[in-house]
Amino acid sequence: MSSIAAVQPPNANASRAERARHVRERAFWMRRRLLKMIVDAGQGHPGGDLSSADILAALYFDILRIDGSSPTAPDRDRFVMSKGHCTGALYTALAGAGFFAEDELDTYLKPGSRLNGHPNRTYLPGVETNTGPLGHGLPVAVGIAVAGQIDQAGYRVFALTGDGELQEGSMWEAAMFAGHRKLGNLTVIVDRNRLQQGAKTEDTNSLEPLADKWRAFGWEVVGVDGHDHDALLATLDAAVQPREKPLVIIADTHKGQGVSFMQDQAGWHHGVPNADQYAQAIQELEAAFDVEAR
């Protein structure tokens, strides 16, 4: 099996502006594609998919040292989608990164499809661990990072969590252990859209002061606009530099980002746009992309 530790992303030598433009283009494609998948399937979680699309685009199309044709290369970077219900965004990123053919996205949630409602590593290349029940992904990511620390391996570990997911006790047990082990190879990104199923996170079980909680467990903490591609890349570039603590990036995002009737609406945690809503969503995404591209 080939080594990919020395492989750089295809735009590694590009300027930050060029890299950000590429990530923006991929995030736009992901949003269009995942909405079509949800409409065709008649189910899905568009709110969280749209809030995390920019983060996943930055990771899969710029930062992660991965090779879709060699998904189990031992020195690959590991990514764990802890908020495992947001499969529309994850599957589009995996397909775009070459882990499987793009046309397989048309099978999303259909009987017999590998593209389940929750990602399954048994079925799908590129999935590091099965997630879906909240609170499971980060503990696994911590375990992977500990293994890398023990083996003195060169791979980095990234995990994306929802903010509502941080109400699970298992997340803080994992965070405490990661801080204790000084896992400098671990980066966690919090999709801080402040909404969970049916309500605001702060009304359900307040998380603030969130940054102070992570610091208390021995983590470095940075904040970023989770929809600013240049800022995301700058933050992730710094994240992969050698350090002696785990890092959490608190990414301020909007549920349903880019679609006016979904944005910041808890009711779109899950749901399916009707035909008129779908047409409006695509029109709004295209109009925003055209403005940004000028």
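Against which elements do the buried residues of H3 pack? They pack against H1, H2 and E1, where buried denotes a relative accessible area under 20%, exposed over 50% and partly exposed in between (1.4 Å probe, protein chains only). The model is predicted: local features need pLDDT of at least 70, side-chain atom pairs count only at pLDDT 80 or more, and totals for chains, interfaces and linings use all residues. Residues are numbered from 1 along each chain as its sequence is written, and side-chain values use heavy atoms, with hydrogens and water left out.

**Overall architecture**

- The protein contains nine helices and seven strands; these are DSSP runs numbered from the N terminus, with helices (H or I) of at least four residues and strands (E) of at least two.
- The radius of gyration is 18 Å, which agrees with the value near 19 Å for a compact globule of 294 residues; it is taken over C-alpha atoms, and the globule rule is 2.2 Å times the number of residues to the power 0.38.
- Along the principal axes, the C-alpha atoms fill a box of roughly 55 × 45 × 45 Å.
- Of the 294 residues, 52% are buried.
- Among contacts (heavy atoms within 4.5 Å) with a separation of 6 or more, 78% are between residues 24 or more positions apart.

**Surface and charge**

- The accessible surface comes to about 12300 Å², and carbon and sulfur atoms account for 49% of that area; the Shrake-Rupley method with a 1.4 Å probe was used.
- The mean positions of the 28 positive and 37 negative charges are 3 Å apart. Lys and Arg count as positive and Asp and Glu as negative, without His and the chain ends, and each charge is placed at NZ of Lys, CZ of Arg, CG of Asp or CD of Glu.

**Nonpolar cores and H3**

- The largest nonpolar core has 56 residues, and those with the most contacts inside it are Leu59, Tyr60, Phe79 and Tyr91; such a core is a set of buried Ala, Val, Leu, Ile, Met, Phe, Trp, Tyr and Cys residues joined through side-chain atoms within 4.5 Å.
- Elements giving two or more residues to this core include helix H1 (16–41), helix H2 (46–63), strand E1 (78–81) and helix H3 (87–96).
- Another core, of 27 residues, lies apart from it and includes Leu138, Trp172, Trp214 and Val248.
- Nine of the ten residues of H3 are buried, among them Leu90, Tyr91 and Leu94.
- Beyond four places in sequence, Tyr91 touches ten residues' worth of partners including Met37, Phe100, Tyr108, Arg114 and His118.**Loop residues and backbone geometry**

- Gln257, in the loop between E7 and H9, is buried with a relative accessible area of 19%. Leaving aside neighbours within four places in sequence, Gln257 contacts Arg31, Leu50, Ser51, Asp54, His227 and Gln263.
- Asp103, in the loop between H3 and helix H4 (137–151), is exposed at a relative accessible area of 54%. Its C-alpha atom is separated by 30 Å from that of Asn193, 90 residues apart along the chain.
- Most residues other than glycine have a negative phi, and most peptide bonds are trans.
- Leu109 has a positive phi of about 65° although it is not a glycine; Leu109 lies in the loop between H3 and H4 and is partly exposed at 22% relative accessibility.
- Gln152, in the loop between H4 and E2, has a positive phi near 55° and is exposed at 74% relative accessibility.
- Gly98, just after H3, takes a positive phi of about 90°.
- Glu208 and Pro209 are joined by a cis peptide bond with omega of about 0°; Pro209 is in the loop between helix H6 (201–204) and helix H7 (210–216).
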